[in-house]
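Let's take a look at the aromatic rings here and at what surrounds them. Have the 3D view open as you read.

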Amino acid sequence: MRQGAGWLSLGLLLCGFRAAQTTLDPAADQAAQSDVVWRTMLAVCGLMYLLVMAFLAWALLKASRRRAEVPPAVGHTAAEPALERGLAGWGALILAGLVGLTTVSFLVDRTLAEVGRDPLKIKVTANQWWWQADYEGATPSEQFSTANELHLPVNRTAVIELHAGDVIHSFWAPNLGGKEDLIPGRTNYLRLTPRRTGVFRAQCAEFCGLQHAKMALTITVDRPADFEAWRRHQLGTPPAPSNAEAQAGQHLFHTRACVMCHRVGGTDAGATVGPDLSHIASRPTLAAGTLPNTPEALAGWITDPQGLKPGASMPKVSLSGPELSAVVAYLETLK
Amino acid sequence: LLVFAAVAGLAGCERETRDLKGPPETGPKGVTVSDLYPGASSPTPPDPRAKAYEGNAFHIANGQRYYRWFNCNGCHFNGGGGIGPALMDSQWRYGGSMERIYASIVQGRPNGMPAFKDKIPEPQVWEIAAYVRALSGNADKLAAPSRPDEMQAIPPINNINKQPPGRAARGPNDRDYH
């Protein structure tokens with residue numbers, strides 16, 4: 001039974017299966033190219049491994065049969081032309097394998113650096129422990145900032161400019177491409193050309209501190225029209241809260257610690273220390289993939305961030321029960 | 001004996017614990033406005049929380065981040081002062097103890113210092129106060145950060161000569177803040 005499950009998972013591993021975070025299900029050109037290198041390596045190394053094992057088995061068998069014979073004189077053995085030819089062939093095989101791997105790696109490396117026409121430019125900044133994404137535009141009114149989520153149009157290359165706010169992080173979206181490090185004081189670039197719509201998960205792939213594991217990024221690949229609709233929506237400011245509780249929440253947001261770090265478009269809250277909350281209610285997760293984005297989880301996150309994600313920069317803000325529900329009601333209006 | 005000494009030495013190396021949650025908040029009721037006046041010795045009651053933050057490297061380093069994030073450097077610069085008074089010298093208009101600095105941040109002070117009550121959670125205020133103390137060399141040299149997050153024209157603050165808090169005296173280059 002257990003063995004069966006093992007074979008099944010190995011089979012799935014080799015055939016490829018659909019999942020939000022796997023290198024074996026490439027959904028972008030860059031990941032597909034890396035997949036070519038991986039499969040080539042698996043084939044070449046697998047073949048060599050089998051050959052070595054076969055040779056060892058053959059040698060063992062031969063030695064056990066020869067045991068009865070007289071051992072050859074030390075230092076002076078007869079020529080074994082078959083063995084010599086075999087060894088020469090073995091050397092040639094190793095050379096061919098290495099040259100093949102190097103060639104594939106070199107060619108794929110070159111294609112990874114290609115940029116298509118009219119690339120979408122996004123600046124991603126990694127912080128302990130969340131992702132800031134700034135979509136660039138021709139004018140400031142065409143630019144916006146979001147956090148812990150990326151939307152990409154299908155069949156269009158996105159050039160992602162990678163920055164780090166504090167320590168070294170690494171951007172890795174296994175289905176799409178990467179890894180590429182984000183290094184303080186240095187700008188790196190990563191190209192992604194998604195070929196399939198879907199929701200994928202990216203993750204920091206360089207140990208960056210206490211909450212390295214809770215530093216995920218949701219990447220949604222949309223059809224071009226859907227992407228444009230999302231972009232237009234992000235460019236807009238959220239509507240002013242209409243009901244009394246949400247209005248009270250907005251007042252609290254502006255008079256308590258929230259406003260010191262967070263920005264909400266169209267209001268006086270303009271700090272850029274923490275994630276931009278202009279459209280927080282429309283995001284899939286909270287705190288970089290730590291929690292699902294539900295009102296309950298949001299209330300829990302505000303109540304005890306250091307319990308859910310110890311060490312994160314989000315402090316505990318003392319709010320009474322009614323104050324907390326008012327703030328949550330306000331944040332839920334920020335669609 | 002050597003092995004024993006090595007083991008004892010290693011056992012003595014204790015990593016500073018990181019208190020991520022901070023002590024419970026009590027509100028600024030421990031600090032009153034009425035007993036504060038410029039330049040006098042401190043009648044402010046000592047706060048037991050001050051000790052927990054003062055000599056702690058983690059809290060001082062956090063304070064360094066908040067100092068920039070909350071734009072303290074917008075007026076006080078990197079401690080040299082400009083729009084607001086200098087923080088790296090020995091002169092304190094409203095007292096240089098942890099409790100006094102905490103009170104100045106929470107309550108605000110005349111002529112420009114805003115009150116950050118409710119705007120900055122209490123543990124963060126204590127961390128900023130610990131960093132402000134460190135700016136004038138008054139923090140434990142082993143706890144003060146050895147490098148800033150950004151480029152600065154001042155030496156590392158764990159290498160600053162201690163400026164014991166003193167009375168604000170007017171020098172020839174002292175700007176008028178009153």
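## Rings that meet

Counting over all chains, there are 13 aromatic pairs in this structure, which is a predicted model. Two of the pairs are set out here, one from chain A and one from chain B.

| Pair | Arrangement | Centre to centre | Between the planes |
|---|---|---|---|
| A:Phe144 and A:Trp230 | edge-to-face | 5.5 Å | 75° |
| B:Tyr53 and B:Trp126 | stacked | 6.2 Å | 10° |

Start with A:Phe144 and A:Trp230. This pair ties together distant parts of chain A: A:Phe144 belongs to strand β3 (residues 144-147), while A:Trp230 belongs to helix α4 (residues 224-235), and their positions lie 86 residues apart in the chain. Are these two buried or exposed? Both A:Phe144 and A:Trp230 are buried. They also have company, since A:Tyr135, A:Phe144, A:Phe227 and A:Trp230 make up one aromatic cluster.

Now hop over to chain B. B:Tyr53 sits in helix α2 (residues 48-54) and B:Trp126 in helix α6 (residues 122-135), so this pair, too, links distant parts of its chain, with the partners 73 residues apart. Why does B:Tyr53 count as buried? Its relative accessible area is just 2%, and buried means under 20%. B:Trp126 is buried as well, because its relative accessible area is 1%.

## Charges over rings

Some rings have a charged side chain for a neighbour. In chain A, A:Lys179 lies over the face of A:Trp172, 4.5 Å from the ring centre. In chain B, look for B:Arg109: its charged end sits over the ring of B:Tyr94, at 5.2 Å from the centre.

Definitions and conventions
Residues are numbered from 1 along each chain as its sequence is written. Chains are lettered from A and ligands numbered from 1 in the order in which they are written. This is a predicted model: local features need pLDDT of at least 70, side-chain atom pairs count only at pLDDT 80 or more; totals for chains, interfaces and linings use all residues. Side-chain values use heavy atoms; hydrogens and water are left out. Rings of Phe, Tyr and Trp (its six-membered ring) pair if their centres lie within 6.5 Å; planes under 30 degrees apart count as stacked, over 60 as edge-to-face and the rest as tilted. Helices (H or I, at least four residues) and strands (E, at least two) are DSSP runs, numbered from the N terminus. Buried means under 20% relative accessible area, exposed over 50%, partly exposed in between (1.4 Å probe, protein chains only). A charge sits over a ring if NZ of Lys or CZ of Arg is within 6 Å of the ring centre and within 35 degrees of the ring normal.
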